[in-house]
Amino acid sequence: MISESRPAGRVPRRKALVSRPTAAGLACPPDGHRQTDDPPWLCDDRGSMSIRRFRRTLSSLQGIFEFVAEFMKANGLDAAQAFEVDLVIEELFTNQVKYNAEASHEVEVRLEREGPAILVILRDFDVEPFDLTQAPEVDVSRPLGERQTGGLGLHLVRQIAESVRYEHRDRCSTITVTLRLEP
Amino acid sequence: MFEIRAGSDGSIRLIGRLDASEAQNAMTALSRIDHSVTADCGELDYISSAGLGVIIETYKRLHGLGFSLRLVNVPPRIRNVFRYAGLDQVIDIG
């Protein structure tokens with residue numbers, strides 16, 4: 001586990017970036033494929049959990065943002081706080097699209113309300129492992145001309161999230177991000 | 001949906017959501033600017049790292065030509081993103 005100090009601002013105080021198994025019940029299906037009887041999205045009776053799968057293309061972003069907006073509304077959450085949820089999902093989703101361009105499976109996005117937090121869980125099927133929690137940190141204090149290319153999106157996720165967890169099992173990558181809601 | 005509107009005084013307004021799906025079009029539009037410019041962000045609803053990349057490249061290009069890029073009316077959440085990226089120490093954010 002890597003613990004990091006948090007910069008000043010509205011972001012939460014505690015943070016952890018870890019690579020370990022995620023919550024029970026999130027194991028990939030054996031073949032990593034969507035089941036034929038799966039609905040395009042699921043929502044439990046309390047509206048506190050939603051799942052949807054998206055084609056791995058940037059044109060899916062609009063649908064992802066709408067999915068987040070629906071989740072926020074269903075849970076009575078301030079629509080303004082969708083900003084951070086959208087940002088985290090976009091950065092992780094575009095990474096998956098960029099670095100697993102040959103993959104053909106849809107990416108699963110799952111949102112869960114957990115007390116004062118939202119869990120953002122992205123699952124990418126039939127892919128090689130890439131543990132983003134081990135990716136080097138970007139030094140944003142350096143002059144623009146001296147900064148390395150790439151890594152800014154993950155840096156933003158780390159700044160916003162309370163924790164980021166990664167698991168790769170049965171050729172399925174699962175990223176779980178915990179976002180603390182504003183009171 | 002993202003849009004750039006030019007003002008009569010040479011300023012521009014950034015409107016909507018500057019995400020990865022809009023970054024290329026935004027980059028193309030901003031590449032036509034060849035003077036110092038003030039960008040009003042009052043109607044900018046969202047920005048991601050892809051959008052920051054557009055702003056960074058525009059800033060570097062204009063700076064290299066001896067011009068400036070100034071952002072004004074930046075909403076708090078978007079200002080936070082610039083701050084997380086360390087850009088508030090580089091780009092003039094009024």
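Which residue just after α2(B) takes a positive phi? I looked there first. B:Gly66 does, at about 90 degrees.

**Ground rules.** I noted that this is a predicted model, in which local features need pLDDT of at least 70, side-chain atom pairs count only at pLDDT 80 or more, and totals for chains, interfaces and linings use all residues. Residues are numbered from 1 along each chain as its sequence is written, while chains are lettered from A and ligands numbered from 1 in the order in which they are written.

**Chain B, layout.** I listed three helices and five strands (DSSP runs numbered from the N terminus: H or I of at least four residues for helices, E of at least two for strands). From the N terminus the order is β-β-α-β-α-β-α-β. I then checked the radius of gyration, taken over C-alpha atoms. The globule rule is 2.2 Å times the number of residues to the power 0.38. For 94 residues a compact globule would come near 12 Å, and chain B has 12 Å, which agrees. The C-alpha trace spans about 30 × 30 × 20 Å along its principal axes.

**Chain B, burial and contacts.** I counted a residue as buried if 20 or more other C-beta atoms lie within 10 Å of its own, exposed if 12 or fewer, and partly exposed in between, with C-beta atoms placed from the backbone. On that count, 39% of the 94 residues in chain B are buried. For contacts I took C-beta atoms, placed from the backbone, within 7 Å. Among chain B contacts between residues at least 6 apart in sequence, 68% join residues at least 24 apart.

**Helix α2(B).** This helix covers residues 49–64. Its 16 residues should span 22 Å at 1.5 Å a residue (1.5 Å times one less than the number of residues). The end C-alpha atoms are 22 Å apart, which agrees. Buried residues here include B:Leu52, B:Val54, B:Ile55 and B:Tyr59.

**Chain A, layout.** I found three helices and eight strands. The pattern along the sequence is β-β-β-β-α-α-β-β-α-β-β. Buried residues make up 37% of its 183 residues. Of the contacts with a separation of 6 or more, 66% are between residues 24 or more positions apart.

**Helix α2(A).** I measured nothing by hand; the computed end C-alpha atoms of residues 82–99 are 25 Å apart, against 26 Å expected for 18 residues, which agrees. In α2(A), 16 of the 18 residues are buried, so the helix is largely enclosed by the rest of the structure.

**Core.** I took a nonpolar core as buried Ala, Val, Leu, Ile, Met, Phe, Trp, Tyr and Cys residues joined through C-beta atoms within 7 Å. The largest has 63 residues, and A:Val88, A:Val120, A:Val157 and B:Ala85 touch the most other members. The most residues, nine, come from α2(A). Beyond four places in sequence, A:Val157 contacts A:Val88, A:Glu91, A:Leu92, A:Val164 and A:Val177.

**Interface.** I counted 18 residues of chain A in contact with 18 of chain B. On the chain A side, α2 and α3 (152–160) are the elements that give two or more residues. The largest share, six residues, is from α2(A).

**A:His168.** I placed this residue in strand β7 (163–169) of chain A. A:His168 has 17 C-beta neighbours inside 10 Å, so it counts as partly exposed. Outside four places in sequence, A:His168 contacts A:Pro129 and A:Ser173.

How values were computed: Two residues are in contact if their C-beta atoms, placed from the backbone, lie within 7 Å.
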